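Colleague: I'm new to this one. Could you walk me through it and tell me how each label is earned?

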Amino acid sequence: MYDANYFRRFIEIFAKYLEENKEYLTRLDAAIGDGDHGINMDRGAKAALDRLSSTNPKTPGEIMRTVGMALLSSVGGAAGPLYGTIFMRMSLAFGNRDKIDDKNLATALEQALLGIKGLGKAEVGDKTMVDVWEPVVNFLKENIENGRTLPEICEEVVALAEERMKATIPLQARKGRASYLGERSIGHQDPGATSSYYFFRSLCEAIGGR
Amino acid sequence: MLSILILSHSPDIARGLKEMCLQMISGDVTIEAVGGTKEGNLGIDAELVLNKLQELMANSDGVVVLGDIGSTILAAKNALNMLGFPANVCIADAPLVEGAVVASVEASLGSPLQEVVKKAEEVKSLNKL
């Protein structure tokens, strides 16, 4: 079971990865987008940490909601509504539970995936964050339904997220700003898929104790 | 009375387009514009979009939302999701500048929400030459 402290730790780790990789994400985005993903996500994560410390939410659901609203207001690019939706959907799925189990978490992540697919209308293969999210969420859901625990499968989750992130390189973008580039988007790793990899890696490090 | 919500990645486009629309209208219609990030850079403040939309919903009979590229439409769709898909708000699938001008004029003539959206979307097939 994961309490509010675990989710705070998840956000702190995610924020740390976004800060460390700010330039890297921005460089990836400059190649095929508008070159602001790293700066935007870092600003968003810092705003989220600020709001967490000023409002001090008590439950996992409240934490996710606080982070979602902070990202909506501060990220600026398409990642604002997309990551905002992820955290808001997870917050709704958590409800007012004090502790979250593996099944709750898998359900919440599935709701988040449905949220971003509904918002951006992207499918696997479009060279977006969905290329990481969908296979990872399906893997998590399947394994947890089959009785494995999240700490047990954490390493596999991170490896899968990394593999799917790298698999966006040869794809041609069909959604977002990169789609305006057509074939010229081939050969670049998608920045949204990359920040999504950090998302799952952070979640696993916080929760799986990896 | 209807209202029009203009969303742009650029604060200058949002401001300028609002000005253009205000010049075109004669009747009772509220025009609001949101553009750029909190810091005034290129981007969109999705929380401000949500708040502005709620404000317009409370003070008018319906809202037509128009956006430019990418994230403005995502911000609008996100706001609609969070508000539970209110019946009196529509995102017009139209080019921003021409769509907003046509929607403003149509709304100021007293047309109902769906008609305003339809007129704005018809702009897509408008020939300029």
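**How the labels are earned**

Modeller: Let's start with β3(B): six of its six residues are buried, so the strand is largely enclosed by the rest of the structure. This is a predicted model, where local features need pLDDT of at least 70, side-chain atom pairs count only at pLDDT 80 or more, and totals for chains, interfaces and linings use all residues. Residues are numbered from 1 along each chain as its sequence is written, while chains are lettered from A and ligands numbered from 1 in the order in which they are written.

Colleague: What makes a residue of β3(B) "buried"?

Modeller: A residue is buried if 20 or more other C-beta atoms lie within 10 Å of its own, exposed if 12 or fewer, and partly exposed in between, with C-beta atoms placed from the backbone. In β3(B), B:G62, B:V64 and B:L66 pass that test on one side, and B:V63, B:V65 and B:G67 on the other, so both faces are covered. In a regular strand the side chains alternate between the two faces of the sheet.

Colleague: Why are β1(B) and β3(B) called paired?

Modeller: Strands here are DSSP runs of E, at least two residues long, and helices are runs of H or I, at least four, numbered from the N terminus. Two strands pair if DSSP finds at least two bridges between them. Six bridges join β1 (residues 2-8) to β3 (residues 62-67) in chain B, so these parallel strands count as paired. One of the partnerships is B:I4 with B:V64, and B:L7 stands opposite B:G67.

Colleague: How many bridges join β1(B) to β2(B), and β3(B) to β4(B)?

Modeller: Seven bridges join β1(B) to β2(B), with B:L2 partnered by B:V29. Three join β3(B) to β4(B), where B:V64 stands opposite B:C90. The result is an open, parallel sheet of four strands in the order β2-β1-β3-β4 (chain B).

Colleague: What makes β2(B) and β4(B) the edge strands?

Modeller: β2 (29-35) and β4 (89-91) of chain B each pair on one side only.

Colleague: Which way does the crossover from β1(B) to β2(B) turn, and how do you know?

Modeller: With the strands pointing away from the viewer, a clockwise path from the first strand over the helix to the second is right-handed. The chain goes from β1(B) through α1 (residues 11-24) to β2(B), and this β-α-β crossover is right-handed.

Colleague: How do you know whether the length of α4(B) agrees with what a helix should span?

Modeller: The expected span is 1.5 Å times one less than the number of residues. For the 13 residues of α4 (residues 96-108) of chain B that should be 18 Å, and the end C-alpha atoms are 18 Å apart, so the two agree. Also, 10 of those 13 residues are buried, so α4(B) is largely enclosed by the rest of the structure. After α4(B) comes B:G110, with a positive phi near 90°.

Colleague: What about α4(A)?

Modeller: α4(A) has 15 residues and reaches 21 Å, close to the 21 Å expected. It is mostly covered, with 13 of its 15 residues buried. Just after α4(A), A:G76 has a positive phi of about 90°.

Colleague: What counts as "in contact" between chains A and B?

Modeller: Two residues are in contact if their C-beta atoms, placed from the backbone, lie within 7 Å. That holds for 17 residues of chain A with 16 of chain B. On the chain A side, α5(A) gives the most, with six residues.
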